[in-house]
Amino acid sequence: SNPLHREVHQDMQQPLCHYFIASSHNTYLSGDQLLSQSRAEMYARVLQAGCRCVEVDCWDGPDGEPVVHHGYTLTSKILFRDVAETINKYAFIKNEFPVILSIENHCSIQQQKKIAQYLKEIFGDKLDLSSVSTGDPRQLPSPQDLKGKILVKV
């Protein structure tokens, strides 16, 4: 492959909303969205392929452990903790621009607290906890400002 294709040739100092962001839908699924297996490794695959926004569908799991799967289907379930650990491991191997976790939250308050705990524990300083007022999108930080950061949208 052409090494020039791996370099960024754009101004990455503009507000985040000025960019198209490579996103993945139902990232955890290895196949169709009714019967397939959910796999944490799918996050490793898409992040290394250049995705910067991944979807995490969270549901209450057994023993107080939140799980990721496609709700109301026969897809298998994986632990949220395993998904977060995989994302942490692979987020910035090929690319240091920010990763957005698009969390679809179907959890009870108790398991939401568990998710927040895992986000803080697993991502540590990479987790961007700064609050952004949505009033003026021009005030959003740039991809350059957010290098190495994990953003959460719910």
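Buried means under 20% relative accessible area, exposed means over 50%, and partly exposed is in between, with a 1.4 Å probe and protein chains only. Keep that in mind for Tyr72, which is exposed with a relative accessible area of 78%.

Some ground rules. This is a predicted model: local features need pLDDT of at least 70, side-chain atom pairs count only at pLDDT 80 or more, and totals for chains, interfaces and linings use all residues. Residues are numbered from 1 along each chain as its sequence is written, and side-chain values use heavy atoms, with hydrogens and water left out. Helices (H or I, at least four residues) and strands (E, at least two) are DSSP runs, numbered from the N terminus.

Back to Tyr72. Where does Tyr72 lie? In the loop between strand 2 and strand 3. Tyr72 is not a glycine, yet its phi is positive, about 60 degrees. Most residues other than glycine have a negative phi.

Tyr72 also has a ring partner. Rings of Phe, Tyr and Trp (its six-membered ring) pair if their centres lie within 6.5 Å; planes under 30 degrees apart count as stacked, over 60 as edge-to-face and the rest as tilted. How many aromatic pairs does that rule give? The count is one. The ring centres of Trp59 and Tyr72 are 5.1 Å apart and the planes stand at 85 degrees, so this pair is edge-to-face. Trp59 sits in strand 1, and the two residues are 13 residues apart, so the pair links distant parts of the chain. Trp59 counts as buried, at 13% relative accessibility.

A second positive phi belongs to Asp63, at about 55 degrees, and Asp63 is not a glycine either. Asp63 is in the loop between strand 1 and strand 2. Asp63 is exposed, with a relative accessible area of 78%.

That loop also holds Pro66. Is Pro66 buried or exposed? Pro66 is buried, with a relative accessible area of 0%. Contact here means heavy atoms within 4.5 Å. Leaving out residues up to four places away in sequence, Pro66 touches Trp59, Gly61, Ile78, Leu79, Phe80, Cys107, Gln111, Lys114 and Ile115. Pro66 and Ile78 are 12 residues apart in sequence, and their C-alpha atoms are 8.7 Å apart.

Now helix 3, residues 109-123. Helix 3 has 15 residues and reaches 21 Å from first C-alpha to last, close to the 21 Å expected at 1.5 Å a residue. That expected span is 1.5 Å times one less than the number of residues. Which residues of helix 3 are buried? They are Gln111, Ile115, Tyr118, Leu119, Ile122 and Phe123. Seen down the axis, these buried residues fall within an arc of 105 degrees, so they line one face of the helix. The arc is taken from the directions between the helix axis and the C-beta atoms. On the face turned away from the buried side are the exposed residues Ile109, Gln110, Lys113, Lys120 and Glu121. The buried residues pack against strand 1, helix 2, strand 4 and strand 5. Just after helix 3 comes Gly124, with a positive phi of about 55 degrees.

On to helix 1. Met42, Tyr43, Ala44, Val46 and Leu47 are buried there. Their cover includes strand 1, strand 2, helix 2 and strand 4. Gly50 follows helix 1, with a positive phi near 110 degrees.

Next, the core. A nonpolar core is a set of buried Ala, Val, Leu, Ile, Met, Phe, Trp, Tyr and Cys residues joined through side-chain atoms within 4.5 Å. The largest one has 27 residues, and Val56, Phe80, Ile87, Leu101 and Phe123 touch the most other members. Helix 1, strand 1, helix 2, strand 4 and helix 3 each supply at least two residues. Helix 3 gives the largest share, five residues. Setting aside neighbours within four places in sequence, Ile87 is in contact with Tyr43, Leu47, Val54, Val56, Leu101, Phe123 and Ile150. Another core lies apart, of five residues, among them Cys53, Ile100, Leu146 and Leu151.

Last, the cysteines. A disulfide is a pair of cysteine sulfur atoms within 2.5 Å. How many disulfides does the structure hold? Zero. Why is Cys53 without one? The closest cysteine sulfur, in Cys51, is 7.5 Å away from that of Cys53, too far for a bond. Cys53 is buried, with a relative accessible area of 8%. Cys58 is in no disulfide either; the nearest cysteine sulfur, that of Cys107, is 5.4 Å away. Cys58 is buried, at 0%.
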